[in-house]
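This report describes two elements of one chain for a reader who has not met the structure before. The sequence and model are shown first.

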Amino acid sequence: MNSIKRRLVLALFGSLATLLVGGSLAVYVFTRTILLRDFDAMVRAAERDTLSILMQAVLEGAGEGGEILLEMRRDPPVYIRAWTKEGKALARSAFPHPPEFQFVPATEDRLLASVELPLGRSGRGWIAPRPLFAVRDRPPMESGSVKHVRPGGGGPAPGSQGRPEEIILMIAADTGEVTLALRRLQMVLVTVGVVMIAVVIAIANVVTSRGLAPVRQLADQASRIDAKTLDARFPTQGVPLELLPISQGLNELLARLQRGFERERRFTADVAHELRTPIAELRSLSEVALKWPEADPATMASFRDTLDISLQMQGIVNGLLAIARCEAGTQVVARETVEAAGLVRKTWEQHQQNAAQKHIACTLDLPETCSIATDPGMLQVIVGNLLANAAEYTPPNGMIRVNLSGNGGGFDFRVTNSVTNLNQEDLAHLKERFWRKDAARSSSEHSGIGLSVSDAFAQALGMRLEPALGPDGALEMRLCGQAPKSPPATGPAI
Amino acid sequence: MRLLLIEDSKRLSRSLTRGLRKAGYCVDATLDGAEGLWMAESNDYDLIILDLMLPSMDGLTVLQRLRKEKQTHVLILTAKDTVPDRVQGLELGADDYLVKPFAFEELLARVRALCRRSYQHKTPRVVAGPLEIDLDRKAATCNGVPVELSPREYMLLEYLALRRGQLVTRTEIEQHIYDDQVEPMSNVVDSAVCVLRKKLACPVIQTRRGLGYVLG
């Protein structure tokens, strides 16, 4: 579903998530860089100390015949291994578990980002060639002995010649604390990020909902506008700037629609009105000629046709005028107590013969009495139209069912008849003016305006005319609504 | 009976004039409101059939001005059918209101009813001794025996019957039974009365020498 709110929230979420991830990553990388830099500096410092101690040791002859053990108490502990250029072990840190460093003939400083330290710990350090005083000048020691050397020694021993020789020094320190610190930082960043995203999404939902409230109000107001309330206008005062063009545009659209509807109503009423005199001319001409026939039979037949045409046109004109008045709200509704059941029975008598000729099975389910307060003329038109249509359009050997109930102030009148040529799509058009299923409009007896008039009258009476197709394909026309038993106490509504 | 038809539609005016004459009425017709008012004020009509949408003077104005001078019955014939239109017409003095298009038979029935009312006669039957006239069916019997009358003869009898007991002058008969086609000095009225008496075969029409006739 295309939703502005969802898009806004997703955009905010995406932006914020990107910012948080990027920012957290930057903070992490920066912090890691700083920490490792400081660590490396610490290792470098330890290296310098180591070289100093080693030099002293060598000059004192501590390495003769064996490896020098260097005791260096640092925090974090520093692991050292030194070799001669040829790979002969020269010195190591004096830990109970010595580091398993392997000789590598390094020719330049090389960072060891990850080093395996004793007891399964991880470290970080360097392996580098370093200059040291000549090892062969060292005073001899007993073979296999190890000389412990502690830091704090001075310069070369008296008598040494002091010629520097290159050794390979590998030094590494435990990165456990750094790693722990970085992990803690990761957890904090992730936790804060997730919480912030959740909070921002919640806030974004609330903020966008509130921000879009004027849009919803606009939509609510638009949904209440129909053909009868085209004079309604959307507010243009106190409306957010972004919605002002929409309100103004909608108001202009409503004004155009209103003018269009009024033009159509006037046109319909004017056309119907203007047609009345010509129809009266046709009708009078043919009725007078038929009443006092003077011409040959063929001419008289023409006059009869003329009369039929004029009567049909009169029906259309009257229907159009009635619809126009109902739509304009000027149709007079004179309510009085009407015995609806009797009205239905009497109206049906006019169509009974037509139905009988087609062998249509007719069922009338009417109460003994059913009194409602309504306009008798308008109700008569509706009932007459529905029954006439049923009798006319039910195919031979079909069925017609008429039901009436008026319980609890409600009125429910249904005419159900079998049909052969209607489908669900047709239902939407049944009440349109001049709509006929037969696109060729072959029948000249029906103009397709009866149901439009019935629908307009139904609405004027406060009722609804609803078509439906039953599961058996039968068409049901239902007239229903609230119908009080007696007219208002103030008298008939006019 | 003499009718004035004020209707601006030529075709409708022709049809109605023909039909009303066929029905036995004398009809004067005009297409113009001002001319119609002049004719109504200048002559005594039994009924005026008046359209509302007229040239030079609309029907309601004609009615208003007519009512200052005369109380001739007026039947409004118009396409305007709303309640306010009807109320306005009736309040200005019209006696009846018929909306176009209409059934000619209905127009005839309303014309007959209004013409009866012109003579304070509300029922469709007139009885004068052995003579009985059914105004709706336009049939007359004398002592129970139907009398065959031509349309003009019946109109004469009906006019005399509606004014039963009153002196009806030859001029009045000319004006109400005969249209403009009658020569001013002809004895058509006397001839018609003579023929009527023969057909009725009952002495219901009395002559007032030099004055006119009385039925009853």
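## A helix and a strand of chain A

In helix α5 of chain A, the buried residues are A:Ala340, A:Ala341, A:Leu343, A:Val344, A:Thr347, A:Trp348, A:His351 and A:Ala355. The model is predicted. In an α-helix, residues three or four places apart point the same way, because there are 3.6 residues a turn. The buried residues of α5(A) pack against several elements of chain A: the strands β8 (336-339), β9 (361-365), β10 (371-374), β11 (399-405) and β12 (410-417), together with α6 (376-393).

The helix covers residues 340-357, and its end C-alpha atoms lie 26 Å apart; this agrees with expectation, because 18 residues at 1.5 Å a residue should span 26 Å. A kink of about 45° is nevertheless present in α5(A), centred on A:Gln350. At the start of the helix, a side-chain oxygen of A:Glu339 comes to within 3.4 Å of the backbone nitrogen of A:Ala341.

Strand β2 of chain A comprises residues 78-84, and 7 of its 7 residues are buried. A:Val78, A:Ile80, A:Ala82 and A:Thr84 point one way from the strand, whereas A:Tyr79, A:Arg81 and A:Trp83 point the other way. In a regular strand, side chains alternate between the two faces of the sheet.

β2(A) runs antiparallel to strand β3 (residues 89-93) of chain A, and 3 bridges join the two. A:Trp83 stands opposite A:Ala89 of β3(A), and 4 residues lie between the strands of this hairpin.

Two residues with a positive phi are listed below.

| Residue | Location | Phi |
|---|---|---|
| A:His359 | just after α5(A) | about 55° |
| A:Gly87 | hairpin of β2(A) and β3(A) | near 100° |

Methods. Residues are numbered from 1 along each chain as its sequence is written. Chains are lettered from A and ligands numbered from 1 in the order in which they are written. This is a predicted model: local features need pLDDT of at least 70, side-chain atom pairs count only at pLDDT 80 or more; totals for chains, interfaces and linings use all residues. Side-chain values use heavy atoms; hydrogens and water are left out. The expected span of a helix is 1.5 Å times one less than its number of residues. The bend at a residue is the angle between axes fitted to the seven residues ending there and the seven starting there. Buried means under 20% relative accessible area, exposed over 50%, partly exposed in between (1.4 Å probe, protein chains only). Contact means heavy atoms within 4.5 Å. A polar contact is a pair of N or O atoms within 3.5 Å; within protein, one must be able to donate a hydrogen and the other to accept it, and residues adjacent in sequence count only if both atoms are side-chain atoms. Two strands pair if DSSP finds at least two bridges between them.
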